[in-house]
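Trainee: Could you pick one part of this model and take me through it closely, along with what surrounds it? I'd like the cut-offs spelled out as you go.

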Amino acid sequence: MKLISSACSVVRIPSLYASLYRPICSASLSSSPSSLKPTTPLFLRPPRFSTSISDLHKWHHWAKNLASSVGASFVQLDNGPDSTSLRRELRWLLEDSLEDPSLIYQLGSQNYAMDVRLKAPLDELYVLWRQRIEERRPFQYIVGCEHWRDLVLSVQEGVLIPRPETELIVDLVKDVALASGESKEGLWADLGTGSGAIAIGIGRILGSKGKVIATDLSPVALAVATYNVLRYGLQDMIEVRKGSWFEPLKDVEGKLAGVVSNPPYIPSDDISGLQAEVGQHEPRLALDGGVSGMDDLLHLCNGVLSMLKPGGFFVFETNGEKQCKVLVDYMENNNPGKFFNVNIVSDFAGIQRFVTGFINNKSS
Ligand SMILES: C[S@@+](CC[C@H](N)C(=O)[O-])C[C@H]1O[C@@H](n2cnc3c(N)ncnc32)[C@H](O)[C@@H]1O
């Protein structure tokens, strides 16, 4: 898994994906699965603080120097970010922090007496940038969000930062849903929902009668997913449930039109060698797939047989070619005739990443 840098400001979002700066929904889920209160992303906070442009300039100068001091050392250490990408992140942090991001262009100006309004106190910006460089705290946790498809999702420690390769799962579901009204209006499950990214992506393409159940074991993930679902106004369509894999879905056994999951799939021994931002900061529960990385994938593969209705569709994300092949072999050899149209699908980088398929009619 690579850590992809991006952050939360209109100006850096590709034009294809217009940003959704919707107000946070004031409603709350009556059956909220967690009492944890998620952190509000920096860009959504009110500009309650102020500082002089001169002090902000000093901070920026210090922060740029700290980023430059990194050079290529993180790249050499664990393929981490170089100083160019860190300086880019610094700019994004500034954009998210300022009430008026266009003031960035006045930072070096002589108008030193002018005050600027900030969404975090200047002292906190010093702390945050130190954490970014000295502790390798992921940028997305610093600003509290990640851009994913056309969404801006809240993320924080305890929740996996959704990755760009996972975006394709929504397109794979879209193809199936467009081809079949039954799928479009049916019940779907996103298992191990994390920030709720896939569930929200799918929720936005299903028809008016379509529903998604998003499950996770982590209380932080459940709280953050709930927050994101509310922010996109999808609380009538997406239900967030706590529990391990299929365990919270007993009431819908054999009724699901589709199951999607990006489960933990990193082999346990590989975790210590991951980029520090990932291995030291992202939740182990989201990464560790057991000795071969396949524990959860195989469990999901067995589970869909009873959870999906005949003709139901599944997509599983994997670590790459080897895991895809093991999974397909497992389906063919351990459960002959039960799956059909099983395919390996590559991600945008050309890496074999997903296994997709359908469940045969139970009588076959
Ligand atoms: C790789 S992350 C994927 C998160 C999100 N779906 C995404 O793509 O960004 C795996 C997720 O599975 C969850 N998880 C791990 N073990 C689980 C289990 N036994 N039951 C349900 N969820 C689990 C983790 O908490 C984490 O949110």
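Mentor: Happy to; I'll start with one helix and work outward to its neighbours.

Two notes before we begin. Residue numbers start from 1 along each chain, in the order its sequence is written. The model is predicted, so local features are given only at pLDDT of at least 70 and side-chain atom pairs only at pLDDT 80 or more, while totals for chains, interfaces and linings take in all residues.

For the setting, the protein chain has 13 helices and 11 strands; these are DSSP runs numbered from the N terminus, with helices being H or I over at least four residues and strands E over at least two. Of its 364 residues, 44% count as buried, meaning that 20 or more other C-beta atoms lie within 10 Å of a residue's own; exposed means 12 or fewer, partly exposed lies in between, and the C-beta atoms are placed from the backbone.

Our part is helix α6, residues 168–179. The expected span of a helix is 1.5 Å times one less than its number of residues. For the 12 residues of α6 that gives 16 Å, and its end C-alpha atoms are 17 Å apart, which agrees.

Now look at which side faces inward. Ile-169, Val-170, Val-173 and Ala-177 are buried in α6. Viewed down the helix axis, these buried residues fall within an arc of 95°, so they line one face of α6; the arc is taken over the directions from the helix axis to the C-beta atoms. The general background is that an α-helix has 3.6 residues a turn, so residues three or four places apart point the same way. On the face of α6 turned away from the buried side you'll find the exposed residues Asp-175, Leu-178 and Ala-179.

What covers that buried face? The cover of the buried residues of α6 includes α7 (181–184), α8 (197–203), β8 (256–261), β9 (308–317) and β11 (352–359), where two residues are in contact if their C-beta atoms, placed from the backbone, lie within 7 Å.

Two of these neighbours are worth following. The first to follow is β8, where 6 of 6 residues are buried. Strand β5 (residues 187–191) runs parallel to β8, joined by 4 bridges; strands count as paired when DSSP finds at least two bridges between them. Asp-190 has Val-260 of β8 as its bridge partner. β8 also pairs with β9 in the parallel sense, over 5 bridges, and there Val-259 stands opposite Phe-314 of β9.

The other neighbour is α8, which leads to the ligand. Along with β6 (211–216) and α11 (284–287), α8 supplies at least two residues of the shell around the ligand. That shell has 21 residues, the closest being Pro-162, Gly-192, Gly-194, Asn-262 and Ala-286; a residue is near a molecule if its C-beta atom, placed from the backbone, lies within 6 Å of it. By class, 11 of the shell residues are nonpolar, 9 polar and 1 charged. Here Ala, Val, Leu, Ile, Met, Phe, Trp, Tyr, Cys and Pro count as nonpolar, Asp, Glu, Lys and Arg as charged, and the others, Gly among them, as polar.

To finish with the whole chain, 73% of the contacts between residues at least 6 apart in sequence join residues at least 24 apart.
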